[in-house]
Every structure is written in C-alpha cells, then in structure tokens.
Amino acid sequence: MPINDTQLSKFLSLVLRHQPDAIGLVLDSQGWAGIDDLIAKASAAGTKFGRDDLLRVVAESDKKRFSLSPDAERIRAAQGHSFSVELGLAAQEPPATLYHGTAVRFLESILSEGLKPQSRQQVHLSVDESTALRVGQRHGRPHIFKIDAAAMHARGLKFYRADNGVWLTDTVPPEFLASTTTE
Ligand code: HQG
C-alpha cells in the first residue's frame with residue numbers, strides 16, 4: 001500500500017532505529033542500509049514507496065532524523081537507536097549548558113539515579129530549552145532539566161553530537177542536574 005510522508009518517516013524510524021528485521025533488513029555495524037535494498041524489502045513486506053519519496057522525507061524531516069551517505073546510496077538514522085550501533089562520532093566539547101525535557105512523573109527516579117538512556121543507546125540532550133520542552137511533552141506533563149555539561153566535560157565525561165545536532169552522552173549523574181521550569 002502506498003503511504004504518506006508522515007507514515008514513511010515513522011516506518012523509516014522503525015526499521016532504521018528499532019526493528020530492521022521486521023522487513024528482513026540487515027544494517028551494517030554503523031547502522032547503514034542500502035537504499036535500494038530497503039525499498040525492495042519494504043515493498044516485499046507490503047510498504048511501497050520510491051527513492052524520490054524517501055529522499056523527500058529525509059530532506060524535509062523536521063528533526064533531520066536520517067542521514068544519507070555521500071554517494072546517496074545508503075541511509076541511516078542519525079540517532080535514537082535501541083540496538084548497539086557505532087555511529088562513529090568523535091567525542092567533542094559540548095556547549096556549557098544543555099537541556100533535557102522529561103515528564104514530571106519521572107522526576108523522583110531521575111533525581112535519585114540521574115538520567116539514563118532507558119531503551120536507547122545514550123541520553124539525548126538539546127541545545128535549547130524549547131526543543132527540550134517539546135521532547136518532554138511527548139511523555140506527559142513536562143519538566144526541563146538544565147545540564148551542567150561544562151562540569152561533566154571537565155570531569156572527563158564524554159559528549160557526542162549527532163548529525164542532526166542532538167547531543168548524546170552515556171548518563172547524567174544527579175549532581176549535574178538543575179531544574180528550570182515546571183509547567
Ligand atoms: C526518562 C525523540 C526514570 C527520560 C525526541 C525520558 C528526542 C528516566 C524517558 C529523542 C530516567 C526516555 C529522545 C530515570 C531518563 N528514571 N526516567 N533514571 N532517565 N528517564 O523517548 O530523551 O521524534 O527514550 O527523561 O525528540 O525523551 O524519536 O528519550 O523521558 O530527540 O526523532 O526516560 O526522541 O526524537 O524516553 O527522546 P526516550 P527522550 P524522535
């Protein structure tokens with residue numbers, strides 16, 4: 001069945017971040033899939049789209065969720081994987097402050113054990129508060145944490161910047177968390 005762009009974006013997130021085997025797709029160790037292979041396997045599994053559709057969704061993704069290889073033959077998710085993948089990102093110095101939006105109901109647990117990646121590979125952090133608010137709202141009544149990334153970096157904790165500008169780190173211990181607003 002043909003699908004619209006939102007459905008295609010969700011489908012790409014599903015197979016490139018979480019369940020490539022849902023359509024028998026095999027990603028390489030860095031999370032890349034051949035675009036022709038992806039289109040053929042999706043089609044065989046009943047999800048029909050063409051190369052132009054895929055390239056349009058990649059270009060128009062609001063969060064730049066997907067990256068293309070330089071030769072545009074392969075695609076991968078920029079971040080957000082639930083399985084181990086070597087994104088090949090070099091650790092780099094983060095902005096002094098980063099933000100993480102979550103839900104009020106998670107506060108007690110986060111304040112006692114810090115931010116953990118949960119089902120993803122790493123904790124996702126935003127450069128601005130408004131993005132963090134949108135991320136937090138996906139989970140319920142939002143709460144935004146301000147992260148002392150400069151202090152974490154000084155302590156030797158590593159930060160990575162995904163292709164789409166999201167910052168990634170393994171965990172954020174509670175001492176680096178400060179609350180901003182509670183809605
Ligand atoms: C919370 C979306 C209890 C964490 C977004 C979050 C983002 C804890 C939830 C990207 C905890 C995990 C990632 C602890 C963390 N106790 N709860 N110790 N530590 N949590 O969806 O950051 O649309 O896996 O605060 O825009 O919300 O998919 O992570 O609330 O960029 O492209 O556990 O996903 O992008 O939730 O979102 P998630 P996230 P896409």
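## Exercises on the ligand site

The ligand occupies the space of the largest pocket, where a pocket is an open set of points on a 1 Å grid over the protein atoms alone, with protein on both sides within 12 Å along at least five of seven lines, and a molecule sits in a pocket if more than half of its atoms lie within 2 Å of its grid points. The model is predicted, so that local features need pLDDT of at least 70 and side-chain atom pairs count only at pLDDT 80 or more, while totals for chains, interfaces and linings use all residues. Residues are numbered from 1 along each chain as its sequence is written, and side-chain values use heavy atoms, with hydrogens and water left out.

**Exercise 1.** Describe the shell around the ligand by class and by element.

*Solution.* Begin with the residues near the ligand (a heavy atom within 4 Å): there are 18, and His 100, Thr 102, Ser 109, Arg 120 and His 139 come nearest. Next, sort the shell by class, which yields four nonpolar, seven polar and seven charged residues. Finally, assign elements: strand 4 (97-103) and helix 4 (107-113) each give two or more residues, and helix 4 contributes the most, with three.

**Exercise 2.** Find side-chain polar contacts of the ligand (pairs of N or O atoms within 3.5 Å), then its burial.

*Solution.* First, a ligand oxygen lies 2.7 Å from a side-chain N or O atom of Lys 63; the distance is also 2.7 Å for Thr 102 and 2.7 Å for Arg 120. Then take the accessible area (Shrake-Rupley method, 1.4 Å probe): alone, the ligand exposes 790 Å², of which the protein buries 89%.

How values were computed:
A polar contact is a pair of N or O atoms within 3.5 Å; within protein, one must be able to donate a hydrogen and the other to accept it, and residues adjacent in sequence count only if both atoms are side-chain atoms. On a 1 Å grid over the protein atoms alone, a cavity is a set of points where a 1.4 Å probe fits but cannot get out, and a pocket is an open set with protein on both sides within 12 Å along at least five of seven lines; lining residues have an atom within 4 Å of a point. Helices (H or I, at least four residues) and strands (E, at least two) are DSSP runs, numbered from the N terminus. Ala, Val, Leu, Ile, Met, Phe, Trp, Tyr, Cys and Pro count as nonpolar, Asp, Glu, Lys and Arg as charged, and the others, Gly among them, as polar.
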